[in-house]
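Student: I have this protein open on my screen and I keep getting lost in it. Could you pick one part and take me through it slowly, explaining the terms as you go?

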Amino acid sequence: MSSSPALDAKVIEEEHGPAISGLKPGMDPISDAAAGQWKLIWRKFLAQKVALFCGGVILALYLVAAFAEFLAPGLPDTSRAQFTYAPPQTIGLFNNAGEFQPHVKGYRVEIDQAALRRTFVVDDDVIIPIGFFVEGPAYKLWNIFDANRHLIGPLDPNDTMYLLGADRLGRDLLSRLVYGTRVSMSIGLIGVTLSLFLGVVLGSISGYFGGWVDTAIQRVIEVVSAMPTIPLWLGLAAAIPLTWSPINVYFVITIIVSLLGWTGLAREVRGRFFALRNEDFVTAAKLDGSGERRVIFRHILPSLTSHILAVVTLAVPSMIIAETSLSFLGVGLKAPVVSWGVLLQDAQNIRSISTAPWLLIWPSLAVVVAVLSFNFFGDGLRDAADPYET
(Lines give C-alpha, C1' and ligand atoms only; values in the text may rest on other atoms or scores of the structure.)
Protein backbone atom coordinates (compact mmCIF):
# COMPACT_ATOMS: atom_id res chain seq x y z
CA MET A 1 0.00 0.00 0.00
CA SER A 2 1.56 3.30 -1.11
CA SER A 3 1.93 6.14 1.34
CA SER A 4 0.41 9.56 0.73
CA PRO A 5 2.47 12.49 -0.66
CA ALA A 6 1.93 14.34 2.62
CA LEU A 7 3.55 11.50 4.60
CA ASP A 8 6.42 11.32 2.08
CA ALA A 9 7.00 15.05 2.44
CA LYS A 10 6.96 14.75 6.23
CA VAL A 11 9.47 11.89 6.17
CA ILE A 12 11.75 13.83 3.80
CA GLU A 13 11.56 16.90 6.02
CA GLU A 14 12.40 14.88 9.13
CA GLU A 15 15.38 13.17 7.45
CA HIS A 16 16.75 15.97 5.24
CA GLY A 17 15.41 19.20 6.69
CA PRO A 18 12.74 21.56 5.38
CA ALA A 19 11.87 21.78 1.72
CA ILE A 20 13.88 24.09 -0.50
CA SER A 21 12.40 27.58 -0.58
CA GLY A 22 11.07 29.25 -3.69
CA LEU A 23 9.79 26.08 -5.32
CA LYS A 24 6.24 25.87 -6.59
CA PRO A 25 3.67 24.09 -4.39
CA GLY A 26 2.94 20.50 -5.25
CA MET A 27 6.40 19.58 -6.53
CA ASP A 28 7.68 16.15 -5.65
CA PRO A 29 10.00 16.65 -2.62
CA ILE A 30 12.16 13.69 -3.67
CA SER A 31 12.80 15.16 -7.11
CA ASP A 32 13.37 18.57 -5.51
CA ALA A 33 16.04 17.17 -3.21
CA ALA A 34 17.78 15.42 -6.13
CA ALA A 35 17.55 18.38 -8.54
CA GLY A 36 20.74 20.00 -9.78
CA GLN A 37 21.80 23.55 -9.03
CA TRP A 38 20.66 25.08 -12.32
CA LYS A 39 17.30 23.34 -12.14
CA LEU A 40 16.70 24.70 -8.66
CA ILE A 41 17.73 28.20 -9.77
CA TRP A 42 15.36 28.05 -12.74
CA ARG A 43 12.45 26.84 -10.58
CA LYS A 44 12.96 29.57 -8.01
CA PHE A 45 13.34 32.23 -10.71
CA LEU A 46 10.06 31.18 -12.34
CA ALA A 47 8.28 31.93 -9.06
CA GLN A 48 9.35 35.61 -9.24
CA LYS A 49 6.81 37.24 -11.53
CA VAL A 50 8.33 40.74 -11.47
CA ALA A 51 11.74 39.44 -12.50
CA LEU A 52 10.17 37.38 -15.28
CA PHE A 53 8.28 40.40 -16.60
CA CYS A 54 11.42 42.54 -16.50
CA GLY A 55 13.30 39.79 -18.31
CA GLY A 56 10.68 39.99 -21.05
CA VAL A 57 11.15 43.78 -21.24
CA ILE A 58 14.93 43.35 -21.58
CA LEU A 59 14.44 40.75 -24.31
CA ALA A 60 12.09 43.14 -26.13
CA LEU A 61 14.65 45.96 -25.91
CA TYR A 62 17.35 43.77 -27.43
CA LEU A 63 14.97 42.65 -30.17
CA VAL A 64 14.32 46.32 -30.92
CA ALA A 65 18.08 46.86 -31.05
CA ALA A 66 18.57 43.90 -33.38
CA PHE A 67 15.81 44.88 -35.83
CA ALA A 68 16.04 48.66 -35.51
CA GLU A 69 15.99 49.30 -39.26
CA PHE A 70 12.79 47.30 -39.72
CA LEU A 71 11.01 48.63 -36.63
CA ALA A 72 11.81 52.30 -37.22
CA PRO A 73 9.29 54.12 -39.46
CA GLY A 74 12.12 55.96 -41.22
CA LEU A 75 15.82 56.70 -41.19
CA PRO A 76 17.24 58.54 -38.17
CA ASP A 77 18.98 61.28 -40.15
CA THR A 78 16.15 62.18 -42.54
CA SER A 79 15.29 65.81 -41.80
CA ARG A 80 12.46 68.05 -42.97
CA ALA A 81 12.90 71.69 -42.01
CA GLN A 82 9.17 72.43 -42.42
CA PHE A 83 8.38 70.07 -39.52
CA THR A 84 10.81 71.47 -36.94
CA TYR A 85 9.54 70.64 -33.42
CA ALA A 86 6.37 69.05 -34.83
CA PRO A 87 4.29 67.60 -31.96
CA PRO A 88 3.42 63.90 -31.65
CA GLN A 89 0.59 62.55 -33.78
CA THR A 90 -2.06 60.12 -32.55
CA ILE A 91 -3.24 57.11 -34.52
CA GLY A 92 -6.89 57.09 -35.56
CA LEU A 93 -8.75 53.98 -36.73
CA PHE A 94 -11.64 55.48 -38.72
CA ASN A 95 -11.49 58.21 -41.33
CA ASN A 96 -13.95 61.10 -41.72
CA ALA A 97 -16.29 58.88 -43.74
CA GLY A 98 -16.53 56.34 -40.92
CA GLU A 99 -14.50 53.73 -42.79
CA PHE A 100 -11.86 51.68 -41.05
CA GLN A 101 -8.54 53.18 -42.05
CA PRO A 102 -5.62 53.51 -39.61
CA HIS A 103 -4.23 57.00 -40.08
CA VAL A 104 -2.68 60.08 -38.54
CA LYS A 105 -3.87 63.61 -39.15
CA GLY A 106 -1.68 66.24 -40.76
CA TYR A 107 -0.51 69.57 -39.42
CA ARG A 108 -1.54 73.15 -40.09
CA VAL A 109 0.94 75.91 -39.26
CA GLU A 110 -0.28 78.94 -37.34
CA ILE A 111 1.58 81.94 -35.94
CA ASP A 112 1.54 82.46 -32.19
CA GLN A 113 1.18 86.23 -31.91
CA ALA A 114 2.20 86.29 -28.24
CA ALA A 115 5.40 84.28 -28.65
CA LEU A 116 5.98 85.39 -32.27
CA ARG A 117 6.68 81.89 -33.50
CA ARG A 118 4.94 79.29 -35.55
CA THR A 119 2.97 76.48 -33.96
CA PHE A 120 1.53 73.25 -35.33
CA VAL A 121 -2.19 72.62 -35.13
CA VAL A 122 -3.90 69.34 -36.04
CA ASP A 123 -5.63 69.61 -39.42
CA ASP A 124 -8.70 67.36 -39.39
CA ASP A 125 -9.04 67.62 -43.16
CA VAL A 126 -5.63 66.08 -43.89
CA ILE A 127 -5.69 62.29 -43.45
CA ILE A 128 -2.43 60.35 -43.83
CA PRO A 129 -3.18 56.59 -44.18
CA ILE A 130 -0.73 54.30 -42.40
CA GLY A 131 -0.24 50.55 -42.39
CA PHE A 132 1.96 47.67 -41.33
CA PHE A 133 4.82 46.18 -43.35
CA VAL A 134 4.80 49.14 -45.71
CA GLU A 135 7.45 50.21 -48.17
CA GLY A 136 9.63 53.09 -47.06
CA PRO A 137 13.20 54.37 -47.13
CA ALA A 138 15.71 51.71 -48.18
CA TYR A 139 18.13 50.35 -45.58
CA LYS A 140 20.65 47.56 -45.11
CA LEU A 141 19.58 45.17 -42.35
CA TRP A 142 22.60 44.21 -40.20
CA ASN A 143 24.66 45.83 -42.96
CA ILE A 144 24.04 42.67 -45.04
CA PHE A 145 20.52 42.54 -46.51
CA ASP A 146 18.99 45.26 -48.67
CA ALA A 147 15.37 45.97 -47.73
CA ASN A 148 12.79 48.74 -47.67
CA ARG A 149 10.00 47.22 -45.55
CA HIS A 150 9.08 48.89 -42.25
CA LEU A 151 6.84 47.58 -39.50
CA ILE A 152 4.68 50.71 -39.53
CA GLY A 153 4.60 53.82 -41.63
CA PRO A 154 2.56 55.91 -44.10
CA LEU A 155 1.26 54.08 -47.13
CA ASP A 156 2.69 56.82 -49.33
CA PRO A 157 6.47 57.09 -48.75
CA ASN A 158 6.25 60.82 -49.51
CA ASP A 159 3.95 61.44 -46.52
CA THR A 160 5.26 62.10 -43.03
CA MET A 161 4.41 60.50 -39.69
CA TYR A 162 5.70 61.66 -36.30
CA LEU A 163 4.18 59.41 -33.64
CA LEU A 164 6.58 60.75 -30.98
CA GLY A 165 7.14 64.16 -32.52
CA ALA A 166 10.08 65.71 -34.38
CA ASP A 167 13.29 67.37 -33.22
CA ARG A 168 14.90 70.70 -34.09
CA LEU A 169 15.81 69.48 -37.59
CA GLY A 170 12.47 67.83 -38.33
CA ARG A 171 13.77 64.31 -37.76
CA ASP A 172 11.42 61.58 -36.55
CA LEU A 173 12.01 61.04 -32.83
CA LEU A 174 10.57 57.50 -32.87
CA SER A 175 13.05 56.39 -35.54
CA ARG A 176 15.94 57.99 -33.67
CA LEU A 177 14.82 56.44 -30.38
CA VAL A 178 14.68 52.97 -31.97
CA TYR A 179 18.13 53.36 -33.51
CA GLY A 180 19.46 54.75 -30.21
CA THR A 181 18.31 51.58 -28.43
CA ARG A 182 20.88 49.60 -30.39
CA VAL A 183 23.81 51.76 -29.28
CA SER A 184 22.77 52.30 -25.65
CA MET A 185 21.86 48.67 -24.99
CA SER A 186 24.88 47.22 -26.77
CA ILE A 187 27.38 49.51 -25.07
CA GLY A 188 26.11 48.22 -21.71
CA LEU A 189 26.47 44.60 -22.84
CA ILE A 190 29.96 45.04 -24.31
CA GLY A 191 31.10 47.09 -21.34
CA VAL A 192 29.91 44.47 -18.88
CA THR A 193 31.67 41.74 -20.88
CA LEU A 194 34.99 43.55 -20.54
CA SER A 195 34.35 44.29 -16.85
CA LEU A 196 33.41 40.63 -16.33
CA PHE A 197 36.72 39.47 -17.77
CA LEU A 198 38.79 41.86 -15.65
CA GLY A 199 36.78 41.33 -12.47
CA VAL A 200 36.70 37.53 -12.65
CA VAL A 201 40.36 37.05 -13.63
CA LEU A 202 41.85 39.54 -11.15
CA GLY A 203 39.40 38.62 -8.38
CA SER A 204 40.14 34.90 -8.83
CA ILE A 205 43.91 35.40 -8.74
CA SER A 206 43.66 37.68 -5.72
CA GLY A 207 41.42 35.36 -3.71
CA TYR A 208 43.17 32.11 -4.62
CA PHE A 209 46.83 33.06 -4.10
CA GLY A 210 46.49 35.69 -1.38
CA GLY A 211 49.70 37.14 0.05
CA TRP A 212 51.52 39.85 -1.86
CA VAL A 213 49.52 39.11 -5.02
CA ASP A 214 46.29 39.84 -3.17
CA THR A 215 47.79 42.97 -1.61
CA ALA A 216 48.93 44.36 -4.97
CA ILE A 217 45.60 43.72 -6.70
CA GLN A 218 43.63 45.18 -3.80
CA ARG A 219 45.72 48.36 -3.85
CA VAL A 220 44.97 48.75 -7.55
CA ILE A 221 41.26 48.24 -6.86
CA GLU A 222 41.35 50.84 -4.08
CA VAL A 223 43.08 53.39 -6.32
CA VAL A 224 40.54 52.89 -9.13
CA SER A 225 37.61 52.97 -6.69
CA ALA A 226 38.88 56.16 -5.03
CA MET A 227 38.89 58.12 -8.30
CA PRO A 228 35.88 60.42 -8.78
CA THR A 229 33.94 58.75 -11.54
CA ILE A 230 32.38 61.62 -13.49
CA PRO A 231 35.48 63.88 -13.60
CA LEU A 232 37.59 60.89 -14.66
CA TRP A 233 35.10 59.99 -17.39
CA LEU A 234 35.13 63.61 -18.56
CA GLY A 235 38.91 63.73 -18.66
CA LEU A 236 39.34 60.45 -20.50
CA ALA A 237 36.53 61.14 -22.95
CA ALA A 238 37.80 64.66 -23.66
CA ALA A 239 41.16 63.18 -24.63
CA ILE A 240 39.61 61.38 -27.62
CA PRO A 241 40.78 63.10 -30.84
CA LEU A 242 38.06 64.92 -32.74
CA THR A 243 39.23 63.33 -35.99
CA TRP A 244 38.28 59.81 -34.89
CA SER A 245 35.36 58.10 -36.60
CA PRO A 246 32.12 57.47 -34.66
CA ILE A 247 32.91 53.73 -34.52
CA ASN A 248 36.29 54.37 -32.90
CA VAL A 249 34.72 56.77 -30.40
CA TYR A 250 32.07 54.16 -29.61
CA PHE A 251 34.63 51.50 -28.73
CA VAL A 252 36.81 53.91 -26.74
CA ILE A 253 33.81 55.06 -24.69
CA THR A 254 32.96 51.39 -24.07
CA ILE A 255 36.49 50.68 -22.85
CA ILE A 256 36.50 53.77 -20.62
CA VAL A 257 33.24 52.72 -18.98
CA SER A 258 34.52 49.14 -18.56
CA LEU A 259 37.84 50.09 -16.97
CA LEU A 260 35.99 51.76 -14.11
CA GLY A 261 33.31 49.11 -13.55
CA TRP A 262 35.19 45.92 -12.72
CA THR A 263 36.30 46.61 -9.14
CA GLY A 264 33.06 45.59 -7.40
CA LEU A 265 32.90 42.23 -9.17
CA ALA A 266 36.59 41.57 -8.45
CA ARG A 267 36.05 42.07 -4.73
CA GLU A 268 33.04 39.77 -4.65
CA VAL A 269 34.87 37.03 -6.56
CA ARG A 270 37.88 37.44 -4.23
CA GLY A 271 35.66 36.98 -1.17
CA ARG A 272 34.09 33.85 -2.61
CA PHE A 273 37.50 32.39 -3.42
CA PHE A 274 38.66 33.00 0.14
CA ALA A 275 35.64 31.03 1.36
CA LEU A 276 36.04 28.13 -1.10
CA ARG A 277 39.78 27.64 -1.62
CA ASN A 278 40.09 25.40 1.47
CA GLU A 279 36.97 23.33 0.79
CA ASP A 280 37.20 19.56 0.41
CA PHE A 281 36.51 19.51 -3.34
CA VAL A 282 39.42 21.93 -3.92
CA THR A 283 41.75 19.80 -1.83
CA ALA A 284 40.62 16.69 -3.69
CA ALA A 285 41.32 18.38 -7.04
CA LYS A 286 44.84 19.31 -5.92
CA LEU A 287 45.54 15.76 -4.68
CA ASP A 288 44.30 14.46 -8.04
CA GLY A 289 47.08 16.39 -9.75
CA SER A 290 45.15 19.42 -11.02
CA GLY A 291 47.24 22.52 -11.58
CA GLU A 292 46.41 25.90 -10.11
CA ARG A 293 44.85 27.20 -13.33
CA ARG A 294 42.61 24.14 -13.59
CA VAL A 295 41.57 24.41 -9.95
CA ILE A 296 40.63 28.07 -10.43
CA PHE A 297 38.79 27.87 -13.75
CA ARG A 298 37.42 24.30 -13.72
CA HIS A 299 36.56 23.71 -10.07
CA ILE A 300 36.03 26.96 -8.13
CA LEU A 301 34.71 29.39 -10.75
CA PRO A 302 31.89 27.10 -12.00
CA SER A 303 30.46 27.06 -8.49
CA LEU A 304 30.25 30.88 -8.66
CA THR A 305 28.63 31.07 -12.09
CA SER A 306 25.11 31.80 -10.89
CA HIS A 307 26.30 34.50 -8.49
CA ILE A 308 28.52 36.13 -11.13
CA LEU A 309 25.64 36.10 -13.59
CA ALA A 310 23.43 37.96 -11.13
CA VAL A 311 26.15 40.53 -10.35
CA VAL A 312 26.80 41.14 -14.05
CA THR A 313 23.10 41.67 -14.72
CA LEU A 314 23.01 44.32 -12.01
CA ALA A 315 26.11 45.99 -13.53
CA VAL A 316 24.55 46.59 -16.96
CA PRO A 317 22.39 49.54 -15.79
CA SER A 318 25.44 51.41 -14.50
CA MET A 319 27.05 51.02 -17.93
CA ILE A 320 23.95 52.39 -19.66
CA ILE A 321 23.79 55.34 -17.26
CA ALA A 322 27.51 56.02 -17.73
CA GLU A 323 27.18 56.21 -21.52
CA THR A 324 24.04 58.35 -21.23
CA SER A 325 25.76 60.72 -18.80
CA LEU A 326 28.86 61.14 -20.96
CA SER A 327 26.84 61.73 -24.12
CA PHE A 328 24.47 64.12 -22.32
CA LEU A 329 27.44 66.16 -21.09
CA GLY A 330 28.75 66.35 -24.65
CA VAL A 331 31.98 64.38 -24.16
CA GLY A 332 30.71 60.93 -25.08
CA LEU A 333 29.12 59.76 -28.30
CA LYS A 334 28.26 62.48 -30.77
CA ALA A 335 26.35 62.85 -34.01
CA PRO A 336 25.96 61.12 -36.39
CA VAL A 337 25.88 58.30 -33.80
CA VAL A 338 22.43 58.02 -32.24
CA SER A 339 22.03 56.92 -28.62
CA TRP A 340 19.70 57.82 -25.78
CA GLY A 341 22.36 60.11 -24.33
CA VAL A 342 22.84 61.86 -27.68
CA LEU A 343 19.07 62.41 -27.92
CA LEU A 344 19.05 63.97 -24.46
CA GLN A 345 22.05 66.12 -25.35
CA ASP A 346 20.26 67.41 -28.45
CA ALA A 347 17.28 68.41 -26.33
CA GLN A 348 19.11 70.48 -23.70
CA ASN A 349 18.06 73.93 -24.87
CA ILE A 350 15.34 76.34 -23.82
CA ARG A 351 13.33 75.88 -27.00
CA SER A 352 13.13 72.11 -26.54
CA ILE A 353 12.19 72.32 -22.87
CA SER A 354 9.52 74.96 -23.35
CA THR A 355 7.91 73.91 -26.65
CA ALA A 356 8.99 70.30 -27.28
CA PRO A 357 9.11 68.45 -23.93
CA TRP A 358 8.72 65.10 -25.74
CA LEU A 359 12.36 65.37 -26.81
CA LEU A 360 13.33 64.91 -23.16
CA ILE A 361 10.50 62.66 -22.01
CA TRP A 362 10.87 59.74 -24.41
CA PRO A 363 14.68 59.20 -24.20
CA SER A 364 14.52 59.65 -20.42
CA LEU A 365 11.68 57.12 -20.19
CA ALA A 366 13.68 54.64 -22.28
CA VAL A 367 16.64 54.95 -19.88
CA VAL A 368 14.41 54.55 -16.82
CA VAL A 369 12.64 51.48 -18.22
CA ALA A 370 15.92 49.79 -19.20
CA VAL A 371 17.63 50.50 -15.87
CA LEU A 372 14.67 49.43 -13.72
CA SER A 373 14.18 46.27 -15.78
CA PHE A 374 17.80 45.25 -15.36
CA ASN A 375 17.71 46.02 -11.63
CA PHE A 376 14.58 43.95 -10.97
CA PHE A 377 15.79 41.18 -13.24
CA GLY A 378 19.18 41.15 -11.49
CA ASP A 379 17.53 41.07 -8.07
CA GLY A 380 15.50 38.06 -9.17
CA LEU A 381 18.59 36.27 -10.45
CA ARG A 382 20.49 37.06 -7.27
CA ASP A 383 17.71 35.61 -5.11
CA ALA A 384 17.37 32.55 -7.34
CA ALA A 385 21.15 32.03 -7.44
CA ASP A 386 20.99 30.71 -3.86
CA PRO A 387 18.16 28.16 -4.13
CA TYR A 388 18.97 26.62 -0.76
CA GLU A 389 18.36 29.85 1.13
CA THR A 390 15.10 29.85 3.07
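Tutor: Let's look at how some of the helices pack, and then visit a few single residues.

A bit of housekeeping comes before that. This is a predicted model, in which local features need pLDDT of at least 70 and side-chain atom pairs count only at pLDDT 80 or more, while totals for chains, interfaces and linings use all residues. Residues are numbered from 1 along each chain as its sequence is written, and side-chain values use heavy atoms, with hydrogens and water left out.

Now the big picture. The protein chain has 16 helices and four strands; both are DSSP runs numbered from the N terminus, with helices being H or I over at least four residues and strands E over at least two. Out of 390 residues, 41% count as buried. Buried means under 20% relative accessible area, exposed means over 50%, and partly exposed is in between, using a 1.4 Å probe and protein chains only. The chain exposes about 20700 Å², and carbon and sulfur atoms supply 65% of that; accessible areas come from the Shrake-Rupley method with a 1.4 Å probe, and for residues only the protein chains shown count as cover. Take the contacts between residues at least 6 apart in sequence: 66% of them join residues at least 24 apart. A contact, by the way, means heavy atoms within 4.5 Å.

Time to zoom in on helix H16 (residues 358-384) and its meeting with helix H13 (residues 305-328). Their axes come within 7 Å and cross at roughly 165 degrees. Axes here are lines fitted to C-alpha atoms, for helices over the stretch in contact, and angles run from 0 to 180 degrees between N-to-C directions. That angle makes H13 roughly antiparallel to H16: angles over 145 degrees count as roughly antiparallel, under 35 as roughly parallel, 65 to 115 as roughly perpendicular, and the rest as oblique. The crossing of H13 and H16 is left-handed. Left-handed means that the near helix is turned anticlockwise from the far one by less than a right angle, and right-handed means clockwise. On the H13 side, the contact includes Leu309, Ala310, Thr313, Pro317 and Ile320; on the H16 side, it includes Ala370, Phe374, Phe377, Gly378 and Leu381. Sorted by type, the residues of this contact are 13 nonpolar, four polar and two charged. Nonpolar covers Ala, Val, Leu, Ile, Met, Phe, Trp, Tyr, Cys and Pro, charged covers Asp, Glu, Lys and Arg, and the others, Gly among them, are polar.

Try clicking on Thr313, which sits in H13. Thr313 counts as buried because its relative accessibility is 8%. Leaving out residues up to four places away in sequence, Thr313 touches Phe374, Phe377, Gly378 and Leu381.

H16 also meets helix H4 (residues 49-66), where the axes come within 8 Å and cross at roughly 135 degrees. H4 and H16 are therefore oblique to each other, and their crossing is left-handed. H4 brings residues such as Val50, Cys54, Ile58 and Leu61, while H16 brings Ala370, Phe374 and Phe377, among others. The residues here divide into 12 nonpolar, three polar and no charged. Notice that Ala370, Phe374 and Phe377 take part in this contact with H4 and also in the one with H13.

H13 has another partner, helix H9 (residues 246-259): these two pack at about 125 degrees, with axes 10 Å apart. That makes H9 oblique to H13, and H9 passes H13 in a right-handed crossing. Ile253, Val257 and Ser258 in H9 meet Met319, Ala322 and Leu326 in H13, a set of five nonpolar residues, one polar and no charged.

Finally, hop over to the loop between strand S4 (145-154) and helix H6 (173-209), where Leu155 is found. Leu155 is partly exposed because its relative accessible area is 48%. Leu155 and Gly131 are 24 residues apart in sequence, and their C-alpha atoms are 6.1 Å apart in space. Asp172 lies in the loop between S4 and H6, but Asp172 counts as buried, at 7% relative accessibility. The C-alpha atoms of Asp172 and Ser79 are separated by 7.8 Å, with their positions 93 residues apart along the chain.
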